[in-house]
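Me: Please take a close look at the strand pairing in this chain and follow it outward to the helices that pack beside one another. I would like one connected account with residue numbers, in plain terms.

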Amino acid sequence: MDAPDNKAAWSALAAHYATVRTTHLRELFAADAGRGERLNAEGAGVFLDYSKNRVSDETLKLLLALAEASNLRGRIDAMFSGEKINVSENRAVLHTALRAPKGTSVLVDGKNVVPEVHDVLDKMTAFADRIRSGEWKGHTGKRICNVINVGIGGSDLGPVMAYEALRAYSDRNMTFRFVSNIDGTDFAEAVIDLDAAETLFVISSKTFTTLETMTNAQTARAWLLGKLHSDATAVAKHFVAVSTNDAEVSKFGIDTANMFGFWDWVGGRYSMDSAIGLSTMIAIGPPHFKQLLLGFHEMDEHFRTTPFAANLPVLMGLLGIWYNDFFGAQTVAVLPYEQYLKRFPAYLQQLTMESNGKHVQLSGAPVEHETGPIYWGEPGTNGQHSFYQLIHQGTRLIPCDFIAFVKTLNPLGAHHDILIANVIAQGEALAFGKTPEQVKAEGTPDWLVPHRVFEGNRPSNTILLADLTPAALGKLVALYEHSVFVQGAIWNIDSFDQWGVELGKALAQRIIPELDATQGEMGAPLAHDSSTNALIRRYRTQK
């Protein structure tokens, strides 16, 4: 696939950067008294203040020109219409269809997939209602009180993030746990205090062959049968599958009537609102899950229809390009001032870095620009007593996304006002800092002044929503999904494959049998590099 002809737009931005790279946010605000009221956008109930970014009106104009020259509009239309924009796997990219309302039409190879999506949602709803009401009973006749989601990658990060984010809406009479790591400790700790007779496992694997997931699933099966002193007939009452592989699901002992499917046009990291969200639906209930989907859809429509100059995902994506490719910023800090969003930065790590951590363009030619910044972060004021030191006074430029909510779900005295005061203050401090003159005016000794100066000019976005509802979470996730898409379109990369995860997994399959301590030097000779061979031998001898 040919790259769009956007070289002139890149060159114009490079020339502009050379003239503004040292301009301070203090200067930008001093020259434009209304900047804070003007440089913001709002859509789908999400407010974005981007005035504390190192951009002028000319910068924004040139960034928008880059979007146009990169055929961003065409790429958006292609995604929403079901074209196979995942070129390396020849697949459509239609996570947006997962939240399309009934009655709409989204075509893949000429077939409307929306009815299928709602068939699965209806099946999930009926099942979740049976679990939540107690109608579904385990093998011994006890109701299910514990749900353990077993998956990895998008089959884990989405469900666990959504559960933590929406815990306030969950059924507190039930326990929800999540197992993903192949480290046996993850499973052992998840079940240590649970009654097997009251426990349901949701095994999430499209192929039902994923090494980590199926290893944990087999361990779960053995644990359950051992605890219940039962034969394999108990499995059907305590396991359901999110998969497309009927044969393997049935072989495991799960009734395929309790298998919930999804499609190859849904990437794992974009699947939390598909059947992968079954544990989420059980936790918060089908009506709240439908509100989650509605929030996703509202942001989808905002992204699809809003002019770029007022389009939240477009603006955030372009600002990310500005810092990544011109200022050389290598990371982005996502800082939610909301404890329920404690797993949101981890979720974004997969969404952003698995999507845009690419080194070739759609055609296979090497990329022409740096791609895929590193995303990281922690919630609330915790980070202020940790890594904020580096953001404020370190030598690296780290753009920040602050996320906050006007209302709290847990009103306790002055807590929320203090929390919001901190998020607003951090943006102000990062932007404007404290000059040597200001520090001296406080009576600071001359020798101490350099240590107490804040350079400022650290850019940030502030994302503000009314409150953390299921719909708000959907809007927030979709905001970042589409921001990632914008950047991938401009870099002309495939944001929807993930070949980079394959090599290590393939090598691990080769090494697993080589770790058998009985092999010793009498087994098949090791044929790795000297370091890998030495590590295998050391493990064998100390095992």
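Reply: In this predicted model, Val 242 stands opposite Phe 260 in strand S9. The pair belongs to the junction of strand S8 and strand S9, which run parallel and are joined by 2 bridges. Helix H11 (residues 246–252) completes this part of the chain: S8, H11 and S9 make a right-handed β-α-β unit.

Strand S8 itself covers residues 239–242, and both of its faces are covered. Phe 239 and Ala 241 lie on one side, Val 240 and Val 242 on the other, and all four are buried. Val 242, the residue opposite Phe 260, is thus placed on a covered face together with Val 240. Val 240 in turn stands opposite Val 202, in the parallel pairing of S7 with S8, which has 4 bridges.

From strand S7 (residues 199–204) the pairing continues to strand S5 (residues 146–150), again in the parallel sense, over 5 bridges. Here Val 147 of S5 faces Leu 200 of S7.

These strands are parts of an open sheet of 5 strands with parallel pairing, in the order S6-S5-S7-S8-S9. Its edges are strand S6 (175–179) and strand S9 (259–260), each of which pairs on one side only. Phe 260, where this account began, therefore sits in an edge strand, since a strand that pairs on one side only, as S9 does, is an edge strand. Helix H7 (residues 154–165) lies across S5, S6 and S7 and runs at about 150° to S6. In general terms, the strands of a sheet pair through backbone hydrogen bonds, either parallel or antiparallel.

A second open sheet gives a point of comparison. It has 6 strands in the order S1-S2-S13-S12-S10-S11, and its pairing is mixed. The edge positions are held by strand S1 (40–43) and strand S11, each pairing on one side only. On average, neighbouring strands of this sheet are turned by 15° against each other, direction ignored.

An antiparallel pairing is found between S1 and strand S2 (residues 46–49), over 4 bridges. In that pairing Asn 40 stands opposite Asp 49.

Parallel pairing is found at strand S10 (residues 331–336), where 6 of the 6 residues are buried. Thr 331, Ala 333 and Leu 335 point one way from S10, while Val 332, Val 334 and Pro 336 point the other way. S10 pairs in the parallel sense with strand S11 (residues 374–376) over 3 bridges, and Thr 331 stands opposite Ile 374 there. S10 also runs parallel to strand S12 (residues 400–405), with 4 bridges, and in this case Leu 335 is the residue opposite Phe 402. Thr 331 and Leu 335 point to one side of S10. As with S8 and S9, a helix connects two paired strands: S10, helix H15 (residues 344–356) and S11 form a right-handed β-α-β unit.

Turning to the helices, the axes of helix H13 (residues 286–305) and helix H14 (residues 312–327) come within 7 Å and cross at roughly 70°. H13 and H14 are therefore roughly perpendicular to each other. On the H13 side the contact is made by Met 299, His 302 and Phe 303, and on the H14 side by Leu 312, Pro 313 and Val 314. By type, the residues of this contact divide into 5 nonpolar, 1 polar and no charged.

Asn 311 is in the loop between H13 and H14. Its relative accessible area is 0%, so Asn 311 is buried. Leaving aside neighbours within four places in sequence, Asn 311 is in contact with His 302, Phe 303 and Thr 306. Of these, His 302 and Phe 303 are also named in the contact of H13 with H14.

Val 486, in helix H20 (residues 470–491), brings another helix to this site. Val 486 has 0% relative accessibility and so counts as buried. Not counting residues up to four places away in sequence, Val 486 touches Leu 72, Phe 303, Pro 313, Val 314, Gly 317 and Leu 318. Phe 303, Pro 313 and Val 314 from that list are among the residues through which H13 and H14 meet. The C-alpha atom of Val 486 is separated by 9.4 Å from that of Ile 321, although the two residues are 165 residues apart along the chain.

Note on methods
Residues numbered from 1 in each chain as written. Predicted model: local features only at pLDDT ≥ 70, side-chain atom pairs only at ≥ 80, totals over all residues. Heavy atoms only, no water. Pairing = 2+ DSSP bridges. Contact = heavy atoms within 4.5 Å. Axes fitted to C-alpha atoms, helices over the stretch in contact; angles between N-to-C directions. Parallel < 35°, antiparallel > 145°, perpendicular 65-115°, else oblique. Nonpolar A, V, L, I, M, F, W, Y, C, P; charged D, E, K, R; others polar. Buried < 20%, exposed > 50% of the residue type's maximum accessible area, 1.4 Å probe, protein only. Right-handed = clockwise from strand over helix to strand, strands pointing away.
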